[in-house]
Amino acid sequence: MQRALLSPTTTKLPMRVRSLTAGIASDDNASPSSHDAHFGYYDVILPKEPHVWGTAHIPPRSVPPHIRRPDYALAGGVEDVHTEKRIALDGEEERVLHRTAKFAAEVLSFAGSLVKEGVTTDEIDAAVHEYIIAHDAYPSPLLYKGYPKSCCTSVNNVIAHGIPDERPLENGDIVNVDITVFKDGFHGDTSRTFLVGDVDEKGCELVQVTEAALQAGIAACAPGRPFKDIGRAISEVIRHKDYCVSTQFTGHGIGDVFHRPPWIWHHRNDEPGVMLPGHCFTIEPCIIQGSDPMACVFPDGWTASTENCARSAQAEHMVLIMEHGADVLTRSDEQ
């Protein structure tokens, strides 16, 4: 789950998108619109009507009292950490972090097995929630700054932080499932974009390029290398292609807290900082069709859509910098 750099002023209705999609749906026999020709064929996700602001109307799922919770999920708890903290290597801290990250990868694989045409993202969230608590872990997104669900599901033009709902997944959708778990005092965070049924060529290519961008970012990780090399490597993957990378969502340091420095920028940047042994962080680029990376936020205050309704895909891993090289903590056997 990314750290968002969106300001409150970006919370608005995508009216530009609304008029555009009305044109798309007007006549099945009409020639392809410029939107279809550029971005492909898929269902555009818009805010439900009538609009409900915020998430107070969405009841959170219950967690058994014996399961350890992060501080922000406790009454009056907050997480507002602005300092780095490196993991102690070759000790219990590293071992627990590895276990939690591997469990996050296991949960993501389970979630991916549920992605099918006709299944709602809320059903996926319910199953993910039960799977996590059955393993005496806590779903980290739940109650984080008021987020009401146990995972994020971002469909088609939704860049990030999509709230699971009753919309059934449709043939041709792409959906990112973002999983974070809290177990034994540490968080594990990973995501992947899955294909639903028969996805058009443009959608398949977007997901493939996103995976390649993540791998390029990971390859730039090593002790002594500047953090900005990650954004440079990702940018090289999409250079000369009809894609851009979101500049409004970053990776983040992770461990015994959900989000902390270092912040990982996925675009070319001149941010300071060098990777050192014990740094643990996420790399999670959101790759967007076309050249406009800007997002707007739905009335729920979380769901971030592209302003022009282009599709977005995301992939994420946790990386731990070692004395020699880097360890990808959330890479599963199937990857």
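This section describes the annotated sites, nonpolar cores, cavities and backbone features of a predicted model.

The UniProt record, in an unreviewed entry, assigns a "domain: Peptidase M24" feature to residues 98–322. Within this span, helix accounts for 27% and strand for 28%, and the C-alpha atoms at its two ends are 13 Å apart. In an unreviewed entry, UniProt also lists Asp189, His252, Glu284 and Glu316 under "binding site". Although these four residues span 128 residues in sequence, no two of their C-alpha atoms are more than 11.1 Å apart, so they gather at one spot. Histidine 252 is situated in strand E8 and is buried, its relative accessible area being 0%.

The feature "binding site" is also placed by UniProt, again from an unreviewed entry, at His161 and His259. Histidine 161 occupies the loop that connects strand E4 (158–160) to strand E5 (174–183), whereas histidine 259 belongs to the loop between strand E8 (249–253) and strand E9 (260–264). Both positions are buried: the relative accessible area is 4% for histidine 161 and 5% for histidine 259.

Histidine 259 is among the contacts of tyrosine 144, which also touches Met1, Tyr72, Glu79, Phe258 and Trp302 when residues up to four places away in sequence are not counted. Tyrosine 144 lies in the loop between strand E2 (138–139) and strand E3 (152–155). With a relative accessible area of 7%, tyrosine 144 is buried. Its C-alpha atom is 15 Å from that of histidine 252, a residue 108 positions away in sequence. A further pairing across the chain involves histidine 35 and alanine 310, which are 275 residues apart along the chain and have C-alpha atoms separated by 8.2 Å. Histidine 35 is part of helix H2 (residues 34–39) and is buried, at a relative accessible area of 6%.

The largest nonpolar core contains 29 residues, of which Cys221, Ile230, Phe281, Ile283 and Ile287 touch the most other members. At least two residues of this core come from each of helix H5 (201–219), helix H6 (228–238), strand E7 (243–245), strand E10 (280–283) and strand E15 (317–321). The greatest contribution is that of H5, which supplies seven residues. Apart from this core lies another, made up of 23 residues that include Ala104, Ala111, Ala137 and Leu169. With residues up to four places away in sequence not counted, isoleucine 287 is in contact with Leu206, Val209, Thr210, Ala213, Ile234, Ile238, Tyr243, Cys244, Val245, Arg311, Ser312 and Ala313.

Helix H6 is mostly covered, eight of its eleven residues being buried. These buried positions are Asp229, Ile230, Gly231, Ala233, Ile234, Ser235, Val237 and Ile238. They pack against H5, E7, E9, E10 and strand E11 (286–289). Histidine 240, which follows H6, lies in the loop leading from H6 to E7. In contrast to the buried residues of H6, histidine 240 is exposed, with a relative accessible area of 73%.

Two cavities of 30 Å³ or more were identified. The largest encloses about 50 Å³ of space. Its lining consists of Lys85, Ile87, Phe186, Ile254, Gly255, Asp256, Val257 and Arg260. By class, four of these lining residues are nonpolar, one is polar and three are charged.

Several backbone features were also noted. Most residues other than glycine have a negative phi, and most peptide bonds are trans. Phi of histidine 240 is nevertheless positive, near 70 degrees. A positive phi, near 75 degrees, is likewise found at cysteine 309, a residue of the loop between strand E13 (304–306) and strand E14 (312–314). Cysteine 309 is buried, at 0% relative accessibility, whereas histidine 240 is exposed. A cis peptide bond leads from glutamate 49 to proline 50, with omega near -5 degrees, and proline 50 is located in the loop between H2 and helix H3 (92–114). Proline 261 and proline 262 are also joined by a cis peptide bond, for which omega is about 5 degrees. Proline 262 lies in strand E9.

Key
Residues are numbered from 1 along each chain as its sequence is written. This is a predicted model: local features need pLDDT of at least 70, side-chain atom pairs count only at pLDDT 80 or more; totals for chains, interfaces and linings use all residues. Side-chain values use heavy atoms; hydrogens and water are left out. A nonpolar core is a set of buried Ala, Val, Leu, Ile, Met, Phe, Trp, Tyr and Cys residues joined through side-chain atoms within 4.5 Å. Buried means under 20% relative accessible area, exposed over 50%, partly exposed in between (1.4 Å probe, protein chains only). Helices (H or I, at least four residues) and strands (E, at least two) are DSSP runs, numbered from the N terminus. Contact means heavy atoms within 4.5 Å. UniProt positions are given in the numbering used here, feature names are shortened, and annotations may be inferred rather than shown by experiment. On a 1 Å grid over the protein atoms alone, a cavity is a set of points where a 1.4 Å probe fits but cannot get out, and a pocket is an open set with protein on both sides within 12 Å along at least five of seven lines; lining residues have an atom within 4 Å of a point. Grid points are joined across faces, edges and corners, and a volume is the space filled by probe spheres set on the points. Ala, Val, Leu, Ile, Met, Phe, Trp, Tyr, Cys and Pro count as nonpolar, Asp, Glu, Lys and Arg as charged, and the others, Gly among them, as polar.
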